[in-house]
Amino acid sequence: GYVLNSQPQTVVVNAADTQTLTFTNPPKGALIVQKYDSITKEPLAGAQFKITTSSGELVPGNEGLTSSNGVYTTDAQGQIVLTKLTPDTYVVTEVKAPDNYKLDAVPQTVRVNEADTQTVSFYDEPLCTLTLLKRDANTKKPLANAEFSVKYSDGAEIGANNGRYTTGKDGTVIVSGLKPDATVIVTETKAPTGYIKEPSPKTIVVRSGAANSLTFDNEPSTTLIIRKFIEGTENEPLSGVAFRVVDGSGAAVGPDDGVYYTDRAGEIVLTGLEPGITVKAREIKTVDGYVLDGTPQDILIKAGEVQTLTFWNAKQGTLVIRKLDSITKKPISGAEFSVTYADGRFVDNANGHISSKWYLHHKPQRRDRHYGRDQHGGRDRGKSPGWVYPRPRQPDADRDRERRRYADACVLQHAHRWACRHQERRGNRRAYLRRTV
């Protein structure tokens, strides 16, 4: 704790003589480093300093008993006390600031003499906080689950989550650890459900000791409901009908190229639409047994409103064609008909699932086991009148079309053979009667 006295002394000692030499050692000096909050002036613990001599040599404290690397940390009183320092010039540099404080990177130089105590003080600015608030633009109620991107003006992301922050139930999120006097840019990346995202970023210069905050107000988005009912009913819903929804530029609205299907309630509910745009909905596919309504409808989206578009589907009609003998009025099988609309378009049966030739064939019913007598005395097979359509099936591929064509050909061939056998029996009967007469 004392300074070495390196000054030599010379003395002459004679016989029977006593001489006295006196050496004085002054105490070594001390250095106190203090760390304070620049605003509140309160002491700060946890700051780290590197202390060297003017020649760059690391300074051990307490003659090497405290630290050997020259780095010291402030205690609860915000101090570092180094004693037993050899008189010299010392350089003190802050290497790590306390949590949530800005590092003071400017070093300080001090001269410590023997029996001398010197004090150097450092003041750190507290890092800033920024409060982001998300509200409903109309009611001013806080909104949760809004997402923001926070960056410095140089593009550096702030925070451990790549600069992403999400508001809580109170509509706020706090960004801490910001550099004082820095320019911060906040961009909303995702709006809460049912609201429109703020398109423009906001900029703020954060200050120490100030209440830094930014408020984002979101307009509520609108809801569009597309309804599908069966024509001629009291709003009976029709499910499974496909619509394509586009905006005014023709771009698809939503996923899957803007294609939606009505649910069991006959509805398609679209949320999050941006007010001011025009939305057009067009039916592109209906269900079996109903006529497609291909006329599109458009609507101008208004903020905060629930708007609707209503479409109606008429049921497809049924046509029964009967072929009769002009004299006996009995049904005749095997006749073919071409059926067209008034504009010349061919009519195919069962919503296009039957007959690729646009021809309908008369098909005999199942034969009855009870036989009567016709006007010539022959047995009458008892054909039931009317046209019979096969049960509708979904066309699978060309293979199914070929099967249907083959089935039609079989029906015609069967009818032809039946007619031939009937004529043969009638001829044999007449010949027999002539012989007996």
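**Questions about a predicted model**

Modeller: In this predicted model, G171 sits in the loop that links β10 (164–166) to β11 (172–178).

Colleague: Why is G171 called buried?

Modeller: Buried means under 20% relative accessible area. G171 has a relative accessible area of 0%, so G171 is buried.

Colleague: Which residues does G171 touch, leaving aside those up to four places away in sequence?

Modeller: They are L132, L133, K134, P142 and L143. The cut-off for a contact is heavy atoms within 4.5 Å. As for K134, it is 37 residues from G171 along the chain, and the two C-alpha atoms are separated by 5.1 Å.

Colleague: Now to F23. Where does F23 lie, and why is F23 called partly exposed?

Modeller: F23 belongs to the segment before β1 (29–37). Its relative accessible area is 41%, and partly exposed covers values between the 20% limit for buried and the 50% limit for exposed, so F23 is partly exposed.

Colleague: What makes F23 eligible for a nonpolar patch?

Modeller: Patch residues need over 30% relative accessible area, and F23 has 41%. Phe also counts among the nonpolar side chains, which are joined within 5 Å. F23 forms the surface patch with V11, V13 and L21, and together they have about 330 Å² of accessible area.

Colleague: And the protein chain as a whole: how many helices and strands does it have, and what share of its residues is buried?

Modeller: There are 1 helix and 25 strands, and buried residues make up 30% of the 437 residues. The chain exposes about 26700 Å², with carbon and sulfur atoms supplying 48% of that area.

Notes
Residues are numbered from 1 along each chain as its sequence is written. This is a predicted model: local features need pLDDT of at least 70, side-chain atom pairs count only at pLDDT 80 or more; totals for chains, interfaces and linings use all residues. Side-chain values use heavy atoms; hydrogens and water are left out. Helices (H or I, at least four residues) and strands (E, at least two) are DSSP runs, numbered from the N terminus. Buried means under 20% relative accessible area, exposed over 50%, partly exposed in between (1.4 Å probe, protein chains only). Accessible areas come from the Shrake-Rupley method with a 1.4 Å probe; for residues, only the protein chains shown count as cover. Patches are made of residues with over 30% relative accessible area and no salt bridge: like charges are joined within 9 Å, nonpolar side chains (Val, Leu, Ile, Met, Phe, Trp, Tyr) within 5 Å. A salt bridge is a side-chain nitrogen of Lys or Arg within 4 Å of a carboxyl oxygen of Asp or Glu.
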